[in-house]
Amino acid sequence: MSKKITIDPVTRIEGHLRIDVEVDNDRVTNAWSSAQMFRGIETILKGKRPEDAWSYAQRFCGVCTTVHAIASIRSVENALNVQVPLNGQYLRNLMIAMHSMQDHIVHFYHLSALDWVDITSCLKADPKKTSLLAESMSDFGGHGVDDFKNVQEKLKHFVDSGRLGIFASGYWGHQAMKLSPEENLLLFSHYLTALDYQKKAAQAVAVIGGKNPHIQNLVVGGVATAVNMDNMATLNVERLSLIRKKLGEVKKFIDKVYMNDLVLLANRYREWFDIGRSVGNYIAVPEYPLDTNSKEFLIQGGIFFNGEQNIHHRILDHSDDYLINNITESSEFAWYNNPAPLHPWDGSSDPRFTGYDYDSKYTWCKAPRFKEKAIETGPVAQILAGYHTGNEFIKREIDFYNSTLSIDNSKYNSTMGRLLARGYRAKFSAETAEHFLDKLIENIAAGDSDYANPTEIPSGEYKGVGFHEAPRGMLSHFIHIKDKKIENYQAVVPSTWNASPRDENGVMGPYENSLINTQLAETEKPLEILRTIHSYDPCIACAVHAVDPDGGDIVKVKVL
């Protein structure tokens with residue numbers, strides 16, 4: 001007999017995603033993904049000045065704020081055909097790469113790892129064996145016997161106090177947890193260590209951006225980060241040295257800790273390379289512009305259909321008509337007026353809440369489609385695009401880890417594949433950040449001190465789109481400018497693609513599709529659903545945190 005399970009909220013640091021599944025003989029037979037909060041910033045932006053849009057748009061989120069600022073400023077520049085000086089591009093690229101490093105570390109350790117790591121098992125671990133295991137994997141340091149004893153004591157203090165805080169509602173002791181006590185202690189120790197390294201990356205973004213989250217240094221036509229090596233009030237030698245120091249520390253953590261932990265996890269949970277398969281369609285856009293016209297990029301994008309490994313369409317730049325013209329959003333199953341599929345330039349976000357209905361409207365998330373197909377975006381899409389367009393770094397990394405783990409590229413369409421792809425992307429981001437720091441210094445040393453082309457918004461009517469390959473995938477902001485004001489604004493974000501509900505043809509989105517046929521070990525504790533959904537790094541909005549300081553439930557499971 002089938003039954004329904006509701007998990008609400010699913011997200012760990014913000015709680016607006018609800019997942020419902022129908023289960024028959026402990027196997028998922030149907031699924032619904034529901035965003036539970038109305039965003040509405042598109043509506044707020046109407047009538048505002050286009051040059052201020054990026055400042056509002058980065059309030060879409062409280063974590064991935066930089067990415068919305070970048071996509072927004074690019075939408076205005078695309079509409080007005082504005083060029084960006086090389087220093088401006090390099091500074092933006094540097095911020096993008098450093099933000100990605102921080103985001104991927106947070107996703108793996110703080111938003112996903114505890115789906116695989118049983119922290120209560122850590123108290124049973126032998127610190128000496130854990131130390132030997134850690135030293136066999138890396139020479140990173142901080143892996144002494146006393147280091148692991150200290151972690152155990154911290155955890156024991158939490159357990160003895162009866163106030164586990166953010167660890168209170170985990171599925172500890174679950175049948176599907178497979179790591180040994182020593183492996184659990186090692187990864188939990190790195191969970192704590194990772195807090196310091198994600199902070200270092202965030203600090204490096206703030207040195208350029210003025211603050212983080214919500215950077216303050218963008219202008220239409222470049223950045224407002226003044227560059228003068230002899231002025232203490234600007235970006236100078238001392239601050240560039242600080243950025244390089246922090247970059248090096250975070251890069252070392254990614255290389256020697258993050259990637260080794262991923263390999264350990266992938267080896268212990270190999271069956272998860274065959275679980276969580278999604279729609280098999282992928283999209284990624286080019287990122288890291290190399291010229292002032294945004295026509296050349298460090299990494300290209302691509303579109304894949306029907307699980308095929310070859311690119312259906314290679315995306316060379318952000319003005320690609322095939323890319324821009326084939327995006328639509330349907331509200332057939334979302335709480336908005338105008339249910340028919342519309343191109344984002346013609347789209348609207350007029351709310352019309354009618355209650356949760358499995359057979360009709362059940363989410364605030366629209367259903368984006370590319371050529372009427374549901375499509376997944378994110379690190380898997382980007383690394384596949386990089387691999388098949390000949391990016392040497394990505395090809396080398398994938399070939400190495402495919403050989404290490406005895407897998408091929410088809411295995412990235414899975415829950416574990418998505419985690420592994422994020423690791424590659426974190427490594428690529430670290431390499432990229434150092435590359436653009438070198439390019440910036442080289443360009444300044446050559447005598448180029450320009451960092452912005454000051455731009456007045458002209459009279460008339462203009463449309464533009466700003467694309468950005470954010471940590472969660474393809475982000476796009478569509479803007480319509482009329483008489484120096486914003487006439488319409490629509491953001492199609494990575495989580496909208498992946499958390500998409502059904503469309504007018506009844507086609508499921510990637511989250512929903514990837515849950516079908518998932519076997520649950522314990523129906524009352526649907527850990528397997530969390531593992532797959534968290535592998536996408538769901539980010540619906542960041543206004544509400546899901547931690548109850550009084551220790552109350554933060555996860556509710558209802559079995560009907």
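**Cavities, a pocket and selected residues in a predicted model**

About 140 Å³ of space lies in the second largest cavity. I begin there, and I should say at once that the structure before us is a predicted model.

Fifteen is the number to keep in mind for this cavity: its lining has 15 residues, and those nearest the centre are C64, H68, V493, P494 and C539. Helices α3 and α13 each contribute at least two residues to that lining. By class, the lining residues of the second largest cavity are 11 nonpolar, 2 polar and 2 charged.

Let me place this in context. The model has 6 cavities of 30 Å³ or more. The largest cavity holds about 270 Å³ of space. Around the largest cavity there are 21 lining residues, with R39, Y336, W364, C365 and T496 nearest its centre. Two elements give two or more residues to this lining, namely β16, residues 485–492, and α13, residues 494–498. Helix α13 therefore deserves a second look, because it supplies at least two residues to the lining of the largest cavity and at least two to that of the second largest cavity, where a helix is a DSSP run of at least four residues. The lining of the largest cavity divides into 12 nonpolar, 5 polar and 4 charged residues.

Strand β16 brings me to one residue, Q490, which is found in that strand. Is Q490 buried or exposed? Q490 counts as buried, because its relative accessibility is 2% and the limit for burial is under 20%. The side chain of Q490 makes a polar contact with the side chain of K366, at 3.1 Å. Setting aside neighbours within four places in sequence, the contacts of Q490 are E42, E329, P344, G347, S348, S349, K366, S476, H477 and F478. K366 thus appears both as a contact of Q490 and as its polar partner through the side chain.

I turn now from cavities to a pocket. The second largest pocket contains about 370 Å³ of space. Its lining comprises 21 residues, and the closest to the centre are E77, N78, V82, N293 and S294. The elements that give two or more residues to this lining are α3, residues 65–80, α4, residues 86–112, and β14, residues 461–470. By class, the lining of the second largest pocket has 6 nonpolar, 10 polar and 5 charged residues.

Helix α3 has now been named twice, for the second largest cavity and for the second largest pocket. One of its residues is T66. T66 counts as buried, because its relative accessibility is 1%. Not counting residues up to four places away in sequence, T66 touches Q58, H99, V205, N212 and I215.

The next element is helix α5, residues 127–137. Which of its residues are buried? They are P127, T130, S131 and A134. These residues lie on the same side of α5, because they cover an arc of only 100° around the axis. On the other side of α5, the exposed residues are K128, K129, L132 and S136. The buried residues of α5 pack against α6, residues 145–161, and α7, residues 181–209. The N-terminal end of α5 is capped by D126, with a side-chain oxygen 2.8 Å from the backbone nitrogen of K128.

The loop between α6 and α7 contains G165. G165 is classed as partly exposed because its relative accessible area is 39%. G165 and R422 are 257 residues apart along the chain, and their C-alpha atoms are separated by 27 Å.

My last residue is T404, in helix α11, residues 392–405. T404 is partly exposed, since its relative accessible area is 40%. A polar atom of the T404 side chain lies 2.9 Å from the backbone oxygen of F400. T404 and V263 are 141 residues apart in sequence, while the C-alpha to C-alpha distance between them is 8.5 Å.

To close, I return to the starting point. The second largest cavity has C64, H68, V493, P494 and C539 nearest its centre, and α3 and α13 each supply at least two residues of its lining. Thank you for your attention.

Note on methods
Residues numbered from 1 in each chain as written. Predicted model: local features only at pLDDT ≥ 70, side-chain atom pairs only at ≥ 80, totals over all residues. Heavy atoms only, no water. 1 Å grid on protein atoms, 1.4 Å probe; cavity = no way out; pocket = protein on both sides within 12 Å on 5 of 7 lines; lining within 4 Å. Points joined across faces, edges and corners; volume = space filled by probe spheres on them. Nonpolar A, V, L, I, M, F, W, Y, C, P; charged D, E, K, R; others polar. Buried < 20%, exposed > 50% of the residue type's maximum accessible area, 1.4 Å probe, protein only. Polar contact = N/O pair within 3.5 Å; in protein donor to acceptor, adjacent residues only side chain to side chain. Arc of directions from axis to C-beta. Contact = heavy atoms within 4.5 Å.
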